[in-house]
Amino acid sequence: MLTAAMRDLQWRKRRFAIAIVGTGLVFAMTLVLTGLANGFRVEATRTVDSLQVDAFLVKSGATGPFLGSAAFPATALKPPGVSSAAPLVYGNTASLTYGSAAPLVYGSATMPDGDSARSVNVFGAPEGGPGIPVLTDGRTPSATNEVAVSDRMGERIGDTVEIGSLPLKIVGVVDDSTALGGQSNIFLTTAGAQKLLFSGQSLITSMGLRGTPGDLPDGFRIVDRAGAIDDLLRALSGARQAMTLMAGLLWVVAALIVGSMIYMSALERTRDFAVFKAVGVPTRSILAGLATQAVIVAVLAALLGGILSVLLGPLFPMRVDIPRIAFLLLPVVAITIGVLASLAGLRRAVTVDPALAFGGP
């Protein structure tokens with residue numbers, strides 16, 4: 001039966017090749033969607049980690065220091081047990097501040113991009129940080145009209161960019177710094193960010209803490225870094241759910257492609273199955289032959305899909321960060337799909353009348 005299955009693959013190699021390519025493309029898109037959904041969390045984690053704080057002190061009614069923040073007066077709050085507490089500012093679209101007794105501001109703004117505009121995430125921190133990531137080139141901003149930008153923007157040191165209504169001179173470059181689905185991060189001084197986002201108003205929405213706080217002031221609570229990451233992902237929850245759903249549907253499409261191919265093969269091999277049954281070949285052996293064909297197609301498609309996903313990932317404007325576990329699970333899922341798909345042809349095979357083996361053409 002295995003020999004017959006392999007000979008059938010060889011005889012119908014063009015059809016099986018088309019099925020492998022089609023299924024491979026489906027697998028590739030499934031991996032890319034998985035990478036896109038995972039990329040949101042990866043960039044949020046990188047952004048929060050780059051701020052170099054252990055926790056955030058926020059109002060009790062706030063859900064986080066970024067998108068879920070609530071403003072409160074800019075008073076010096078330093079719970080016992082922490083080595084430093086820095087005021088963090090959040091604007092209408094998300095902002096924060098961080099530093100050693102100095103504010104770091106986060107928010108969103110737009111900058112011209114040809115005839116259109118693109119959104120950027122704005123951070124402000126005191127010169128020398130913390131609050132500004134390690135730069136790959138240049139220096140940290142020291143004046144209100146200076147900015148360090150993500151290398152994703154494609155700008156160079158010495159260029160001038162207009163953010164909102166302010167012209168800013170680029171003095172530093174940060175490696176691969178993005179948030180909120182691929183939006184570039186930019187970093188200014190505290191005063192520069194407040195001027196850009198809030199017309200110079202001194203409002204804060206959280207305190208960045210280093211260390212383990214003791215007793216908290218009334219009306220406040222602590223959000224750890226994991227909670228801050230979830231807060232930064234809040235706006236993307238719908239997109240992540242949609243991508244997860246689409247990935248699940250693509251698994252179904254892959255199974256249907258392999259299943260339809262195996263079923264068509266079974267239809268054309270009706271006389272073969274009749275001969276097998278006439279000479280006493282058990283049903284499980286027939287199923288093994290069909291399953292072998294389906295698994296071979298699915299595994300080769302998984303290999304092709306993995307290669308294509310690596311090649312297609314960099315073409316997307318957002319981060320595609322495919323987790324390693326997805327590549328490890330892909331062959332397992334492919335084999336499962338192949339076995340299930342072989343059931344499509346089994347019903348046809350087991351219902352064949354052995355008398356057909358002795359009939360005419």
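Two residues are in contact when heavy atoms of theirs lie within 4.5 Å. The exercises below concern a predicted model, and each is followed by a worked solution.

**Exercise 1. Describe the overall make-up of the protein.**

Solution. Begin with the secondary structure: the protein has eight helices and 14 strands. Next, consider burial: 46% of the 361 residues count as buried. Then turn to the surface, where the accessible area is about 16600 Å², and 60% of this area belongs to carbon and sulfur atoms. Finally, take the contacts between residues at least 6 apart in sequence: 75% of them join residues at least 24 apart.

**Exercise 2. Determine where valine 173 lies, whether valine 173 is buried or exposed, and which residues valine 173 touches.**

Solution. First, locate the residue: valine 173 belongs to strand E9. Second, apply the cut-off, by which a residue under 20% relative accessible area is buried. Valine 173 has 11% relative accessibility and therefore counts as buried. Third, set aside the neighbours within four places in sequence; the contacts of valine 173 are then Leu135, Thr136, Asp137, Val149, Asp151 and Ile157. As a further reference point, the C-alpha atoms of valine 173 and phenylalanine 187 are 9.4 Å apart, with the two positions 14 residues apart in sequence numbering.

**Exercise 3. Identify what arginine 225 pairs with, and explain which parts of the chain the pair ties together.**

Solution. The structure contains seven salt bridges. In one of them, arginine 225 is paired with aspartate 49, and the closest N and O atoms are 2.6 Å apart. Arginine 225 is in helix H4 (residues 225-232), while aspartate 49 is in helix H2 (residues 13-50), so this pair ties together parts 176 residues apart in sequence. As for accessibility, arginine 225 is partly exposed at 29%, and aspartate 49 is partly exposed at 33%.

**Exercise 4. Trace the salt bridges of aspartate 176 and name the network to which this residue belongs.**

Solution. Start with arginine 152: its side chain meets that of aspartate 176 in a salt bridge of 2.9 Å, N to O. Aspartate 176 is in the loop between strands E9 (166-174) and E10 (178-179), and arginine 152 is in the loop between strands E7 (146-150) and E8 (160-163), so the bridge ties together parts 24 residues apart in sequence.

Continue with arginine 319, whose salt bridge to aspartate 176 spans 2.7 Å, N to O. Arginine 319 is in the loop between helix H7 (283-312) and helix H8 (324-350), so its pairing with aspartate 176 ties together parts 143 residues apart in sequence.

Now compare the surroundings of each residue. Aspartate 176 is buried at 15% relative accessible area, and arginine 319 is buried at 11%, whereas arginine 152 is partly exposed at 38%. To conclude, Arg46, Arg152, Asp176 and Arg319 are linked in a network of salt bridges.

**Exercise 5. Characterise the largest pocket by its volume and lining.**

Solution. The volume is found first: the largest pocket holds about 220 Å³ of space. Of its 14 lining residues, Thr34, Ala247, Trp251, Pro323 and Ala326 are the closest to the centre. Grouped by element, two or more lining residues come from each of H2, H5 and H8. H2 gives the most, with five residues.

**Exercise 6. Name the residues of the nonpolar surface patch and place leucine 245 in the structure.**

Solution. The patch consists of Leu245, Met246 and Leu249, which together have about 290 Å² of accessible area. Leucine 245 is part of helix H5 (residues 237-268). Since exposed means over 50% relative accessible area, leucine 245 counts as exposed at 55%.

**Exercise 7. Locate glutamine 52, leucine 180 and serine 199, and state the phi value of each.**

Solution. Glutamine 52 has a positive phi near 60°; it is in the loop between H2 and strand E1 (55-59) and is partly exposed at 37%. Leucine 180 has a positive phi near 55°; it is in the loop between E10 and strand E11 (183-188) and is buried at 14%. Serine 199 follows H3 and has a positive phi near 55°. The buried residues of H3 itself (residues 190-198) are Thr190, Gly192, Ala193, Gln194, Leu196 and Phe198.

Key
Residues are numbered from 1 along each chain as its sequence is written. This is a predicted model: local features need pLDDT of at least 70, side-chain atom pairs count only at pLDDT 80 or more; totals for chains, interfaces and linings use all residues. Side-chain values use heavy atoms; hydrogens and water are left out. A salt bridge is a side-chain nitrogen of Lys or Arg within 4 Å of a carboxyl oxygen of Asp or Glu. Helices (H or I, at least four residues) and strands (E, at least two) are DSSP runs, numbered from the N terminus. Buried means under 20% relative accessible area, exposed over 50%, partly exposed in between (1.4 Å probe, protein chains only). Patches are made of residues with over 30% relative accessible area and no salt bridge: like charges are joined within 9 Å, nonpolar side chains (Val, Leu, Ile, Met, Phe, Trp, Tyr) within 5 Å. Accessible areas come from the Shrake-Rupley method with a 1.4 Å probe; for residues, only the protein chains shown count as cover. On a 1 Å grid over the protein atoms alone, a cavity is a set of points where a 1.4 Å probe fits but cannot get out, and a pocket is an open set with protein on both sides within 12 Å along at least five of seven lines; lining residues have an atom within 4 Å of a point. Grid points are joined across faces, edges and corners, and a volume is the space filled by probe spheres set on the points.
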